[in-house]
Each structure stands twice: as C-alpha cells, then as structure tokens.
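Let's take a walk through this fold together, pausing wherever the geometry has something to tell us. Have the viewer open and follow along.

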Amino acid sequence: LWREQQETLVRLLQAGNLQRLRGWIKEQGRDYPAQTLISHLFIPLRRRLQCQQSTLQALLSMLDGVLINYIAVCLASAKNKAGKDALVVGWNVHDTTRLWLEAWIATQKGWRVDVLAHSLAQLKPEFFDGQTLLVWCGEVPSASQQQLLTEWRENGYPVYSLGPDEP
C-alpha cells in the first residue's frame, strides 16, 4: 500500500501540478493520522529523493514546499482548538522539513505549536522563558542532548524531546 502511495506521489511531483499535489496530500491527511503518513509515506519517499541528482533534488524541494504549506495550515487550524502551547525547535539538525513534520504530529497529540524556522546549534531554554519547548534532535538524540534535556526538566524548564515515544 505505502509503496504504491509513494509512486502516486512521485507521479504527481513529476507532473508538476502543485494544485493536484496539494489536494492529494490533503486527502491523505484526512484519511490517515500524521504519524502514519510521515512514517510510511513521507520519510521513506524523502529518503529516496535525497541524492545528488538534480532532478530528484528538485522533486524533493517541491514535495517539502507543499508539505510545509499544508502543515502550516494544519498548525493554524490547531490554534483554534483547546490544547497546550509549545514551540517546536530543532537542535543540531539539518533537515528543517522534519521540524514541520514533527510539529504536525505534535498538533495531533493536542499541542498548539509554532515552529522555529532554523535549527539551533546550541539550545538555551532560558532564552525561551515561559515557553514549552518541543525539541527535535533527529531520529536519535545524542547522549549529551538526552542528558541536557533531562537536566533542564529537573531544573524546571518545560523541555521535551520530540520523537515516537514523546509528548
């Protein structure tokens, strides 16, 4: 099923019709939870498109643009619902599209989020006084990142790691 969905998405990307592509993604978003789509469709396809070939890079860029646009609409819509406010922050990650994908998952877990546009090389929770931070450190946070996240929470900062098992 998911490989077939990936191929459909590739055909839509190759056709270059952004309106149809947006409609198809919106339809999938109604049919499946964000976590499922991201794990089985978007991440595997994005990995396939991440290479040195300029055509595939262009398709990936097109996909990422449409995804970020769609997710921004989902985040705005989530602001109208009851939930807890948070800021999604990337920490030492290069793929900023993943910040948006993780933010989308967070909204479906009851968070109302904003996304910091760029990943930070150093995270200092004291700069975000009074804000809950949902932090994306990549697929597997480093041991030092995990340790700092734990220390910050122990010191009263509302800082949580984003990932499959988190908030």
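Leu 87 stands opposite Leu 133 in strand S3, and that pairing is a good place to begin in this predicted model. S1 and S3 run parallel and are joined by four bridges. On S1 there is also a second partner to look at: five bridges link strand S1 (residues 84-90) to S2, again in a parallel arrangement. Two of the facing pairs can be picked out by name. Lys 84 has Trp 111 of S2 as its bridge partner, while Asp 85 stands opposite Arg 112 in S2.

How enclosed are these strands? Five of the seven residues of S1 are buried, so the strand is largely enclosed by the rest of the structure. The same reasoning applies to strand S2 (residues 111-115), which is largely enclosed because four of its five residues are buried. As background, side chains in a regular strand alternate between the two faces of the sheet.

Now follow the chain from S1 to S2. S1, H5 and S2 make a right-handed β-α-β unit. In the loop between S1 and H5 you will find Asn 92. The phi of Asn 92 is near 60 degrees, a positive value in a residue other than glycine. That deserves a second look, because most residues other than glycine have a negative phi.

Helix H5 covers residues 96-107, and Thr 107 belongs to it. Is Thr 107 buried or exposed? Its relative accessibility is 14%, and the cut-off for buried is under 20%, so Thr 107 counts as buried. The side chain of Thr 107 reaches back to the backbone oxygen of Trp 104, at 2.6 Å. Setting aside residues up to four places away in sequence, Thr 107 touches Leu 75, Ala 78 and Val 113.

Val 113 makes a natural next stop. Leaving out neighbours within four places in sequence, Val 113 is in contact with residues including Leu 75, Ala 86, Val 88, Ala 103, Thr 107 and Leu 134. Val 113 is also among the residues with the most contacts inside the largest nonpolar core, together with Leu 9, Ile 25, Phe 42 and Trp 104; this core has 41 residues. At least two core residues come from each of H1, H2, H3, H4, S1, H5, S2 and strand S3 (133-136). H4 gives the largest share, nine residues. Apart from this core lies another, of 11 residues, among them Trp 91, Phe 128, Leu 133 and Val 135. In soluble globular proteins, nonpolar side chains tend to be buried together.

Finally, turn to helix H1 (residues 2-15), where a quick check of the geometry is possible. With 14 residues at 1.5 Å a residue, H1 should span 20 Å, and its end C-alpha atoms are 20 Å apart, which agrees. Which other elements do the buried residues of H1 pack against? They pack against helix H2 (18-31), helix H3 (34-49) and helix H4 (54-78). The buried residues of H1 include Trp 2, Gln 5, Leu 9, Leu 12 and Leu 13. Right after H1 comes Gly 16, with a positive phi near 75 degrees.

Definitions and conventions. Residues are numbered from 1 along each chain as its sequence is written. This is a predicted model: local features need pLDDT of at least 70, side-chain atom pairs count only at pLDDT 80 or more; totals for chains, interfaces and linings use all residues. Side-chain values use heavy atoms; hydrogens and water are left out. Buried means under 20% relative accessible area, exposed over 50%, partly exposed in between (1.4 Å probe, protein chains only). A polar contact is a pair of N or O atoms within 3.5 Å; within protein, one must be able to donate a hydrogen and the other to accept it, and residues adjacent in sequence count only if both atoms are side-chain atoms. Contact means heavy atoms within 4.5 Å. The expected span of a helix is 1.5 Å times one less than its number of residues. Two strands pair if DSSP finds at least two bridges between them. A crossover is right-handed if, with the strands pointing away from the viewer, the path from the first strand over the helix to the second runs clockwise. A nonpolar core is a set of buried Ala, Val, Leu, Ile, Met, Phe, Trp, Tyr and Cys residues joined through side-chain atoms within 4.5 Å.
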